2 protein chains.
Amino acid sequence: MAATIQDVAKAAGVSVGTVSRAMNNYPDISARTRERILKVAEELKYRPNLVAKSLSSKHSKDIALILSGFLEDVMFNDFETMLMKGCYQFAFEHGLDISMYVINSRTQEEKSYGQLCYEHNIAGGIIFGIKSTDPYFTSLADSQNPCVTIDVEVSGKNVSSVTNDHMAAFDELTQYLIDQGHRRIALVCGRKNATVTAQRMDGAMRALERNGLRPPGDSVIYTNFLKEEATEGVTGFLKTHREEGVTAFLCMSDMLAIGTVEALKKAGARVPEDYSVVGYDGLYVTEYTDPRLTTVDQNIKDKGYEAAHLLFDMIEGRRSAQRLILPHKLEIRDSVKRLEI
Amino acid sequence: MAATIQDVAKAAGVSVGTVSRAMNNYPDISARTRERILKVAEELKYRPNLVAKSLSSKHSKDIALILSGFLEDVMFNDFETMLMKGCYQFAFEHGLDISMYVINSRTQEEKSYGQLCYEHNIAGGIIFGIKSTDPYFTSLADSQNPCVTIDVEVSGKNVSSVTNDHMAAFDELTQYLIDQGHRRIALVCGRKNATVTAQRMDGAMRALERNGLRPPGDSVIYTNFLKEEATEGVTGFLKTHREEGVTAFLCMSDMLAIGTVEALKKAGARVPEDYSVVGYDGLYVTEYTDPRLTTVDQNIKDKGYEAAHLLFDMIEGRRSAQRLILPHKLEIRDSVKRLEI
DNA sequence: CACACTTACAAAAACGTTTTCGTAAATCTA
DNA sequence: TAGATTTACGAAAACGTTTTTGTAAGTGTG
């Protein structure tokens, strides 16, 4: 069917090794021969079989985007999409081959990261969505293949991470709420053992303390980052804590903020007139909610792009493992009311 | 590093061919030997190298999800994500390897679908986003590799398509608007030469005619499916057509509907009090807009799932090329006002 | 017990590349 | 111009599997 390297060799009257050298711009070949071979290859519409190439050559340049939990949760929709766009953008610009794999906690047990790379002849991967209880969380450190984790820090000499300064960002977000006159703030939290949860919690505490405000105490609603849990939690909270004068909800993700707004509306309250709500992530959807959500934009697409960039440089030996911290941006929109006191 | 089939063979005291037979549940091997080999493989944590497997064996079972224009437009976000989820869901359930490739009109010229499959040793692909002007649109028909297109019909004995009955769905949506008392309806159209545009247009016309209503005439706003174009188009429309008594906007996609709502709000009108708006697609985001959008849910995730299902069956020779039409569902929410006349 | 047939495996070819090694021919050096 | 070096290429090994072919041993048949 399709032309192989042998066909080209035969047509050009040279050996396959010479064709290979011509195609890959190797030395050890005369300019005249190269051109002749290239012309023949063009005529035969020759395309190297990447599988054979991959098997034969020691070093692959292919990278993978490895998503854990992609099929489980419906909520990080935009997050993962933006991440993909960033990764594919970089790969596209640099002519890299990138493939996406979906894993979960169970498949992590069955197959290690190293095995995944070996099986598919992948140089390295960008890993998103692993929890601290996942097998990968610890095993990544031993891997020969470089990798870049998103928002999770794993030690290991071949492991980089790309993240934001979640503490500073959440501090900023909390400060904004305080600047707008809010004094009693409830916290809608993400998964308790998630790295990002702890970081954001620290940021909130730092801002509250700096302003001489009490920590939220029992005004904390814990969730597993699911919108519905926020709705449920906030609904319960309103029933039991109505007297405490909370005026704002500080949410650890946009989806939690959306769930919070839902609960507030359901309880007959208006946002932001009765309660202010802020989110975190900068999801696409926050532009279209009612009201438009004030949030911190993580610039997720850039995160994907930079993760791919860093991974590529690690593979090529140009950069060593590192922690890359990307800038964030407070997006002020319509979900916070300014309180005059 | 990792154990190869030779290591297993040596450790078990058999030839590599025998190990291969044991691993793949082939006949021509005694139960006793198979068990022994399997145990040794287990001990050595042997995992076959998929690249070598792919190169060696004639028939691959790997499928690809091929997205055209994924990096260009920011708008079909949810659409593509849901499609992915469906495809990966099926692949996951059936232990298939699936990889995602991003192409565009230019790369389609450089490399045919057949070449893409050949290079990556892919059995077949699910193709989304190609336009009727794209090289793939015609060349797909010649390909040896089976494929499934989404929402686009390409003839060819190895080409299936998965779609909805867009005409019936749009008819239904239009009828709903009419049932709610709307008589003067403006149409916000998608890309003129897109298959889906024509189908939806036909549906709208059929419903209008059946009810003895005039076709929209010059109350048609053309776009390329971009939200901003809808906003712009509707803003212009309001200036020139205010007297004509249009009460509703029938949009060919959810993003167009969102753009339309934006234009209406900007012009000081309320939705649905002053104007009703309906969308089409059933994107995730329509649950969160203000007001929540009445739309037709295409069930995009199912589309991905069924496309993967069909492709897999075609590869295995269980199903032949066909046109699969999936059900849709009218989602009535808050963006349409009932007019009493 | 001689013959055909089956079973269970080893050996080797094949997949399409890259890469190593070896070597004539061309070029340089003194 | 003889020797050393470089250039340009062919031949063949290697990558890790699957698949084909061949065959010794075992099993059945009359």
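**Close-up views of a predicted model**

**View 1. Thr149(B) and its contacts.** Leaving aside neighbours within four places in sequence, Thr149(B) is in contact with Ile127(B), Leu140(B), Val154(B), Val159(B), Ser160(B), Ser161(B) and Val162(B). The model shown here is predicted. Thr149(B) belongs to strand 4 of chain B, residues 147-150. Its relative accessible area is 0%, so Thr149(B) is buried.

**View 2. Cys147(B) in strand 4 of chain B.** Cys147(B) is buried too, with a relative accessible area of 0%. Neighbours within four places in sequence are again set aside. Cys147(B) then contacts Tyr113(B), Gly125(B), Ile127(B), Leu140(B), Asn158(B), Val159(B), Ser160(B), Leu311(B) and Met314(B). Val16(B) lies 131 residues away along the chain, and its C-alpha atom is 35 Å from that of Cys147(B).

**View 3. The protein surface near DNA strand D.** Surrounding DNA strand D are 29 residues. The closest are Thr18(A), Thr33(A), Ser20(B), Tyr26(B) and Ser56(B). By class, this surface has nine nonpolar, 15 polar and five charged residues. Of the atoms of DNA strand D within 4 Å of the protein, 60% belong to sugar or phosphate. The rest belong to bases.

**View 4. Polar atoms beside the backbone of DNA strand D.** A phosphate oxygen of DNA strand D lies 2.8 Å from a backbone N or O atom of Ser30(A). For Ile5(B), a backbone N or O atom is 2.7 Å from a phosphate oxygen of the strand. Tyr46(B) uses its side chain: one of its N or O atoms is 3.1 Å from a sugar or linking oxygen of DNA strand D. Several elements give two or more residues to the surface near the strand. From chain A they are helix 2 (16-23) and helix 4 (50-56). From chain B they are helix 1 (5-12), helix 2 (16-23) and helix 4 (50-56).

**View 5. Met84(B) in the largest nonpolar core.** This core has 164 residues. Those that touch the most other members are Met84(A), Met100(A), Phe249(A), Met84(B), Met100(B) and Phe249(B). Beyond its neighbours within four places in sequence, Met84(B) contacts residues of both chains. From chain A these are Phe70(A), Met84(A) and Met100(A). From chain B they are Leu65(B), Leu67(B), Phe70(B) and Met100(B).

**View 6. Chains A and B superposed.** A turn of 180 degrees, with a shift of 0.0 Å along the axis, lays chain A on chain B with an RMSD of 0.1 Å. The two copies are therefore related as by a two-fold rotation axis. Both copies use the same surface: 100% of the contact residues of chain A recur in chain B.

How values were computed. Residues numbered from 1 in each chain as written. Chains lettered and ligands numbered in written order. Predicted model: local features only at pLDDT ≥ 70, side-chain atom pairs only at ≥ 80, totals over all residues. Heavy atoms only, no water. Helix = DSSP H or I, 4+ residues; strand = E, 2+ residues; numbered from the N terminus. Buried < 20%, exposed > 50% of the residue type's maximum accessible area, 1.4 Å probe, protein only. Contact = heavy atoms within 4.5 Å. Near = heavy atom within 4 Å. Polar contact = N/O pair within 3.5 Å; in protein donor to acceptor, adjacent residues only side chain to side chain. Nonpolar A, V, L, I, M, F, W, Y, C, P; charged D, E, K, R; others polar. Least-squares fit on C-alpha atoms with pLDDT ≥ 70 in both. Core = buried A, V, L, I, M, F, W, Y, C linked by side-chain atoms within 4.5 Å.
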